[in-house]
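Student: I have a protein model open in front of me, and I would like to learn how to read it. Could you walk me through it, one feature at a time?

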Amino acid sequence: MKLSKKDSRRRIHKRVRKSVSGTSEKPRLCVFRSNNLIYCQLIDDRAGHTLAAASSVENGISKEGSKSEQAKKVGELIASKAKGLDIDKVVFDRGGYLYHGRIKSLAEGAREGGLQF
């Protein structure tokens, strides 16, 4: 039986999450991608809290440029929010997606914003 794309991504995400965990000093940067938008969160897994979140819905980012350009802006936005919380190192959780396209653009934007993976 062949898995659907969604089920396959969920299996990969579960496998990655076995080894990727965030703390308050080094939170997990979790990414979710829909067809049109992209979302990311900084998560402290020990406390079970979201420290900061950013998406392409904020500040009208989704209205300008290509999806990859929007993802890069979201990465820069989450990096600036992390800087406000005195966070400079994160663990990147690509959410079961390939490190390619919009996921890669978001990571590059976050790195340019000053986050270290």
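Tutor: Happily! Let us begin with the naming: strands (E) and helices (H) are DSSP runs, numbered from the N terminus. Keep in mind that this is a predicted model. Our starting residue, Arg28, belongs to strand E1, which covers residues 28-33.

Student: Is Arg28 buried or exposed?

Tutor: The cut-off for buried is a relative accessible area under 20%. Arg28 has 6%, so it counts as buried.

Student: Which residues is Arg28 in contact with, leaving aside its neighbours within four places in sequence?

Tutor: They are Arg17, Val20, Gly22, Gln41, Leu42, Ile43, Asp45, Val91 and Asp93. Keep an eye on Asp93, because the side chains of Arg28 and Asp93 meet in a salt bridge, at 2.8 Å from N to O. Arg28 lies in strand E1 and Asp93 in strand E4 (residues 91-93), so this pair ties together parts that are 65 residues apart in sequence. Asp93 is buried, as Arg28 is.

Student: How many salt bridges does the model have?

Tutor: The count comes to six. Another one joins Asp45 to Arg17, with the closest N and O atoms 3.7 Å apart. Asp45 sits in the loop between strand E2 (38-44) and strand E3 (49-55), while Arg17 is in helix H1 (residues 5-17), so the pair ties together parts that are 28 residues apart in sequence. Asp45 is partly exposed, at 22% relative accessibility, and Arg17 is partly exposed too, at 27%.

Student: Which residues are linked with Arg28 in a network of salt bridges?

Tutor: Arg17, Asp45 and Asp93 are linked with Arg28 in that network. For another example, look at Lys73 and Glu64, whose side chains meet in a salt bridge at 2.7 Å from N to O. Lys73 counts as partly exposed, with 30% relative accessibility, and Glu64 is partly exposed at 38%.

Student: Let us move to the strands. How should I picture the side chains along a strand?

Tutor: In a regular strand, side chains alternate between the two faces of the sheet. Now look at how the strands here are joined. E1 and E2 run antiparallel and are joined by six bridges. They form a hairpin, with four residues between them. As one example of pairing, Val31 has Cys40 in E2 as its bridge partner.

Student: How many bridges join E2 to E3?

Tutor: Six bridges join them, and these strands run antiparallel. E2 and E3 also form a hairpin with four residues between them, and Gly48 in the turn has a positive phi of about 75°. Here you can find Ile43 standing opposite Thr50 in E3.

Student: Why is E2 described as largely enclosed by the rest of the structure?

Tutor: Five of the seven residues of E2 are buried, so the rest of the structure largely encloses this strand.

Student: Which residues touch the most other members of the largest nonpolar core?

Tutor: Leu29, Cys40 and Leu106 do, in a core of 23 residues. E1, E2, E3, helix H2 (67-84) and helix H3 (102-112) each supply at least two residues of this core. The largest share, six residues, comes from H2. Cys40 makes a good viewpoint: not counting residues up to four places away in sequence, its contacts include Leu29, Val31, Ala52, Val74, Ile78 and Leu106.

Student: And how do I read a helix?

Tutor: An α-helix has 3.6 residues a turn, so residues three or four places apart point the same way. Try H3, where Arg102, Ile103, Ser105, Leu106, Ala107, Gly109 and Ala110 are buried. The cover over these buried residues includes E1, E2, H2 and E4. After H3 comes Gly114, which has a positive phi, near 115°.

Student: How are two packed helices described?

Tutor: By the angle between their axes and the distance between the axes. Here, the axes of H2 and H3 come within 7 Å and cross at roughly 35°. Their crossing is right-handed. Among the residues making the contact are Ala71, Val74 and Gly75 of H2, together with Ser105, Leu106 and Gly109 of H3.

Terms used:
Residues are numbered from 1 along each chain as its sequence is written. This is a predicted model: local features need pLDDT of at least 70, side-chain atom pairs count only at pLDDT 80 or more; totals for chains, interfaces and linings use all residues. Side-chain values use heavy atoms; hydrogens and water are left out. Buried means under 20% relative accessible area, exposed over 50%, partly exposed in between (1.4 Å probe, protein chains only). Contact means heavy atoms within 4.5 Å. A salt bridge is a side-chain nitrogen of Lys or Arg within 4 Å of a carboxyl oxygen of Asp or Glu. Two strands pair if DSSP finds at least two bridges between them. A nonpolar core is a set of buried Ala, Val, Leu, Ile, Met, Phe, Trp, Tyr and Cys residues joined through side-chain atoms within 4.5 Å. Axes are lines fitted to C-alpha atoms, for helices over the stretch in contact, and angles run from 0 to 180 degrees between N-to-C directions. A crossing is left-handed if the near helix is turned anticlockwise from the far one by less than a right angle, and right-handed if clockwise.
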